[in-house]
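Work through the exercises below with the sequence and the model at hand. Each task is followed by a solution in steps.

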Amino acid sequence: MGSASSEKIIASRVSSILVEMTLNLGRTLKQHFGYSDFRPLQEAIIQDALAGRDVFALMPTGGGKSLCFQLPALMRKGLTIVVSPLISLMKDQVDALQTSGIAATFLNSALDRHEAVARLRGLHRGEYRLLYVAPERLMLDTFLERALNWNIAQIAIDEAHCISEWGHDFRPEYRELKKLRRHLPDVPIMALTATATERVRGDILKQLALRDPRCYVASFNRPNLSYRVVPKSAPYEQLVAFIRGRPNDSGIVYCASRKTADSLARNLSEDGVKAKPYHAGLTARERTQNQELFLRDDVRVITATIAFGMGINKPNVRFVVHHDLPKNIESYYQETGRAGRDGLPSECVLLFSASDVVKQTHFIDEKSENEQRIAREQLRQMVHYAETRECRRATLLKYFGEEWPANSTAIGGHPPLQPSCDGCDNCLTPRQTFDGTIPAQKFLSCVHRICAKSGFGFGLNHVVEVLTGADTQAIRQRGHNQLSTYGIGRELRRDAWQAIGRELLRLELIECAPGKFATLKLTKNGLDTLRERTLITLTKQIDILEQRAKGSAGEIECDEVLFERLRAVRRKLADERDVPAYVVFSDVSLREMARSYPTITSEFRRIPGVGEQKLKDFAEPFVAEITEYLRTNSRQAFREVLAPMRRRSALNDSEAETLRRFHRGDSVDEIARARGFVPSTIYGHLVTAIDCGKIVAQSRDRFFTSAQEKEIAAAFRQISDGKLTDVNALLGGKYDMGQLRVFRAFTTRS
């Protein structure tokens with residue numbers, strides 16, 4: 001037999017093995033977890049794990065990290081040890097696995113001696129597929145000696161970023177894990193995290209000594225989360241109004257101090273919102289009790305310190321509010337990531353004020369010089385996120401080295417256009433701008449003259465004091481009250497000048513020296529702008545809280561009355577088993593039930609999240625409830641397309657100005673250049689104008705030709721759910737996303 005024939009036979013066998021493995025993965029996924037399809041990257045990670053390779057996986061919260069080591073544990077002999085930093089997280093995951101009929105357990109300090117010994121006996125007898133354990137327990141010499149007898153197939157290290165000193169949540173006990181390779185040299189390791197910059201990723205690979213690892217980095221984008229920053233004026237009243245506007249939703253409120261967490265929980269409870277605090281100042285028993293109340297929906301709101309990792313595995317957290325400014329974007333991203341783990345729409349709101357920046361600066365002043373440098377840069381990035389007028393989703397993703405959207409391409413020599421994310425305040429209701437040339441010139445001139453007189457720069461506050469004519473010792477000593485720019489900015493308040501200074505920093509017209517004093521000086525571009533009197537567009541400060549209108553309860557349309565009845569059934573079953581409600585079924589599964597009305601077992605089996613064990617345990621009560629409901633209620637029909645956003649009846653000032661220029665005959669690009677916006681923002685204004693009936697269908701030819709309109713319409717007909725990203729992909733990316741939004745708006749309006 002020739003070598004070519006042998007190669008074909010081998011290739012055929014390999015192909016057959018891969019096909020069989022894929023089929024087995026799919027069967028195991030449905031049997032134990034109740035799902036028919038994998039999420040992005042999961043299948044490839046699982047196949048590498050089964051092949052015995054080391055794996056690094058960075059996947060966003062809610063992206064399905066746990067399945068990457070849970071499913072392989074079911075498909076091979078031996079024990080998978082899962083390293084987890086939090087007792088509460090271990091219990092949640094083990095409860096969920098056991099409810100799905102999977103042999104899993106945990107060992108931690110919450111167990112009494114009798115229970116711990118019983119579980120150790122079970123491990124020696126090979127009764128478990130998965131063991132969850134804290135890093136400090138795993139690395140005890142006595143524990144590792146025992147573990148050598150357990151036929152360990154894989155070690156999965158969750159929250160792997162905790163091993164890196166460059167990360168936002170470094171834990172010294174994780175450092176000991178680097179010894180695992182020496183103690184268990186032949187056991188493959190999987191490291192998983194939801195939050196890590198490139199520097200942290202490299203440190204994880206180095207510290208764990210991963211051998212030729214397969215590295216998977218998913219998108220950091222959480223499309224179901226909306227982001228909003230609200231000026232903090234009367235924070236408690238703002239918080240209460242927000243929560244009362246969502247009477248059936250649960251959420252987390254992050255605070256900068258234990259005192260604030262306690263007082264907010266107390267005040268919310270007195271005002272009729274069931275709330276409990278969660279922070280390191282409580283006893284372990286109090287923390288556990290409060291968390292259990294939250295997980296079981298007996299408490300609607302948890303108020304928590306940002307310094308304490310919660311490890312909440314609750315999938316139906318519908319909102320995360322930051323009452324105070326986080327220290328860095330990594331913490332903010334991880335904390336907001338605890339919302340919407342089930343994939344349903346959820347809100348992330350940050351209450352922001354300049355006074356929070358001052359508080360953080362005082363804390364930073366107490367650190368060492370090197371720590372100060374890092375902390376100040378992290379705080380600057382956090383403030384930039386809070387004050388930017390750009391897309392907040394794009395700003396977050398850019399921090400982690402990801403572009404939004406991933407397929408942005410340059411057109412005709414121009415830089416790529418950034419489409420609206422349709423999920424942040426800056427895209428949905430863009431900030432108003434104004435001609436800020438005069439105040440910007442005043443600020444730039446003041447910085448320039450201070451540097452010229454003293455030979456070096458001064459900080460932002462000093463520049464503002466010179467502009468507003470403050471009579472301070474520092475100004476008098478340095479003769480800055482003799483400058484021509486002294487007092488030329490008395491028409492604006494200090495906070496307005498500070499905001500202008502920060503925006504000029506973002507526009508790179510001035511730069512800030514690193515270190516404690518953070519002195520300002522003009523960049524070359526800033527000096528040219530000052531000399532040439534270049535027009536500068538600045539952003540207006542937000543003065544009021546604009547509550548976003550609450551639309552449908554979620555993107556999965558369903559019979560809301562039946563959904564509430566099914567929630568009651570779920571709650572009863574969960575209480576009987578002494579587990580949180582979501583361990584029985586997620587809100588996604590309940591909504592699918594309330595949408596498709598399964599009344600027989602074969603129909604119930606097709607609901608996402610229904611595996612064989614849950615079919616056996618829970619089909620009867622849910623099917624019975626649905627059947628009983630249908631005796632007195634008719635089935636509702638639901639559209640496949642997503643529910644459109646609630647229409648507005650009027651335009652704001654910025655949108656009205658765009659519309660005025662559009663009616664004057666200006667193109668989108670011309671309006672964008674004149675107003676200092678990206679074109680996607682102008683398209684957003686025009687879509688709102690179409691929704692309000694301010695632009696009639698006869699104006700379609702301003703956006704596309706007849707042939708283009710036919711082509712776009714054909715693409716929309718092929719995409720059943722109307723998702724613009726899918727329509728754009730089908731069209732080969734040849735149209736601006738703004739054009740597609742306009743087309744959809746005209747179609748919806750007609």
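The model used here is predicted. In it, the buried residues of helix 23 pack against helix 19 and strand 16 (520-522).

**Exercise 1.** Determine which residues of helix 23 are buried and how they are placed around the axis.

Solution. Step 1: take the residues of helix 23 (residues 524-532) under 20% relative accessible area; these are G526, T529 and L530. Step 2: their directions from the axis cover an arc of only 100°, so they lie on the same side of helix 23. Step 3: look at the other side of helix 23, where K524, R531 and E532 are exposed. Step 4: go past the end of the helix to R533, which follows helix 23 and has a positive phi, near 55°.

**Exercise 2.** Check whether the end-to-end distance of helix 19 agrees with its number of residues, then list its buried residues.

Solution. Step 1: helix 19 covers residues 437-454, which is 18 residues. Step 2: the expected span is 1.5 Å times one less than the number of residues, so helix 19 should span 26 Å. Step 3: the end C-alpha atoms of helix 19 are 26 Å apart, which agrees. Step 4: the buried residues of helix 19 are T437, P439, A440, Q441, K442, F443, L444, S445, C446, V447 and I450. Step 5: just after helix 19, G455 takes a positive phi of about 85°.

**Exercise 3.** Describe the open sheet of seven strands: its order, its edges and its twist.

Solution. Step 1: the order is 3-4-2-5-6-1-7, and the pairing is parallel. Step 2: strand 3 (104-107) and strand 7 (214-217) stand at the edges; each has a single partner strand, so one side of each is left without a neighbour in the sheet. Step 3: from one strand to the next, the twist averages 15°. Step 4: for one pair, take strand 2 (residues 79-83) and strand 4 (residues 130-133), joined in the parallel sense over four bridges. In this pair, I81 stands opposite L131 in strand 4. Step 5: add helix 3 (residues 67-74), which lies across strand 2, strand 4, strand 5 (152-157) and strand 6 (189-193). Helix 3 runs at about 140° to strand 4.

**Exercise 4.** Is T627 buried, partly exposed or exposed?

Solution. Step 1: locate T627 in helix 28 (residues 612-632). Step 2: the partly exposed class lies between 20% and 50%; T627 has 30% relative accessibility, so T627 counts as partly exposed. Step 3: compare T627 with I600, 27 residues apart along the chain; their C-alpha atoms are separated by 9.0 Å.

Key. Residues numbered from 1 in each chain as written. Predicted model: local features only at pLDDT ≥ 70, side-chain atom pairs only at ≥ 80, totals over all residues. Heavy atoms only, no water. Helix = DSSP H or I, 4+ residues; strand = E, 2+ residues; numbered from the N terminus. Buried < 20%, exposed > 50% of the residue type's maximum accessible area, 1.4 Å probe, protein only. Arc of directions from axis to C-beta. Contact = heavy atoms within 4.5 Å. Pairing = 2+ DSSP bridges. Axes fitted to C-alpha atoms, helices over the stretch in contact; angles between N-to-C directions.
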